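I'm opening a fresh page for a structure I haven't looked at before. Pockets come up before helix packing in these notes.

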Amino acid sequence: MGRTLTFKFVLIIILALFILCVALVYDWVQRRMYPLKYEGLILQYASEYRLDPYLVCAVIWVESKFNEAATSHKGARGLMQVIPSTGRWAAERLGIEGYSDDSLYDPAVNIQIGCWYLDRLRNHFKGNLDLALAAYNGGSGNVERWLQDPRYSKDGKGLDNIPFKETRDFVARVWSAYDKYKQLYRIHDVY
């Protein structure tokens with residue numbers, strides 16, 4: 001009877017250690033899949049533009065997987081995939097000295113402009129982040145048209161259906177990544 005108890009105790013300890021190792025490996029793998037780089041810049045500009053830093057992380061992850069050299073097939077650049085025309089407009093409004101389209105590959109410039117633009121879209125759509133995200137990806141003019149079309153919006157205030165698959169997927173992926181970042185990291189809430 002003593003040997004059986006000792007064997008069961010050892011088995012429980014081994015099982016507990018195994019579960020702990022799996023949990024640690026899972027967390028390590030998840031953090032590799034959802035990295036957090038440029039935390040200081042994210043916090044700085046999320047605070048300046050009153051954005052949730054987890055949302056900024058999620059947009060960066062979906063747009064570029066934190067690759068500051070990313071360029072899309074449409075010419076969007078950097079971490080938050082800002083298109084050059086938006087970058088030039090934002091740089092002028094923000095008074096960014098010495099701006100060029102290649103400045104969008106600079107994480108500080110890209111995150112500043114991306115957060116500024118996301119904040120503008122959020123304000124334009126009266127705080128509705130789903131609409132702001134749809135506009136970030138699909139264009140605010142398209143979102144405005146969809147809101148007026150009963151096929152896409154029943155009330156003219158929110159979208160029941162996003163007709164562009166890329167934009168629909170973008171919004172869903174951002175919210176999924178948002179949940180992951182909230183689960184994996186403890187970023188100071190600054191907004």
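**Pocket.** I looked up the largest pocket in this predicted model, and its volume comes out at about 480 Å³. I then asked which residues sit closest to its centre. They are E63, Q81, Y136, N137 and E166, out of 21 that line the pocket. Next I checked which elements give two or more residues to that lining, and found α3 (53-64), α6 (129-138) and α8 (165-184). I also sorted the lining by class: eight residues are nonpolar, eight are polar and five are charged.

**α2 and α3.** I followed α3 to helix α2, residues 39-48. Their axes come within 9 Å and cross at roughly 120°, so I'm noting α2 as oblique to α3. The crossing is right-handed. Which residues meet here? On the α2 side I have I42, L43 and A46, and on the α3 side P53, V56, C57 and I60. By class, I count seven nonpolar residues in this contact, with no polar and no charged ones.

**α5 and α6.** I did the same for α6 and helix α5, residues 107-124. Here the axes come within 8 Å and cross at roughly 125°, so these two helices are oblique to each other. α5 passes α6 in a right-handed crossing. From α5 I wrote down G114, Y117, L118, L121 and R122, which meet L129, A132, L133, A135 and Y136 of α6. The class split for this contact is eight nonpolar, one polar and one charged.

**Link back.** I marked Y136 twice: it is among the residues closest to the pocket centre, and it is also one of the α6 residues that meet α5.

Definitions and conventions. Residues numbered from 1 in each chain as written. Predicted model: local features only at pLDDT ≥ 70, side-chain atom pairs only at ≥ 80, totals over all residues. Heavy atoms only, no water. 1 Å grid on protein atoms, 1.4 Å probe; cavity = no way out; pocket = protein on both sides within 12 Å on 5 of 7 lines; lining within 4 Å. Points joined across faces, edges and corners; volume = space filled by probe spheres on them. Helix = DSSP H or I, 4+ residues; strand = E, 2+ residues; numbered from the N terminus. Nonpolar A, V, L, I, M, F, W, Y, C, P; charged D, E, K, R; others polar. Axes fitted to C-alpha atoms, helices over the stretch in contact; angles between N-to-C directions. Parallel < 35°, antiparallel > 145°, perpendicular 65-115°, else oblique. Left-handed = near helix turned anticlockwise from the far one by under 90°. Contact = heavy atoms within 4.5 Å.
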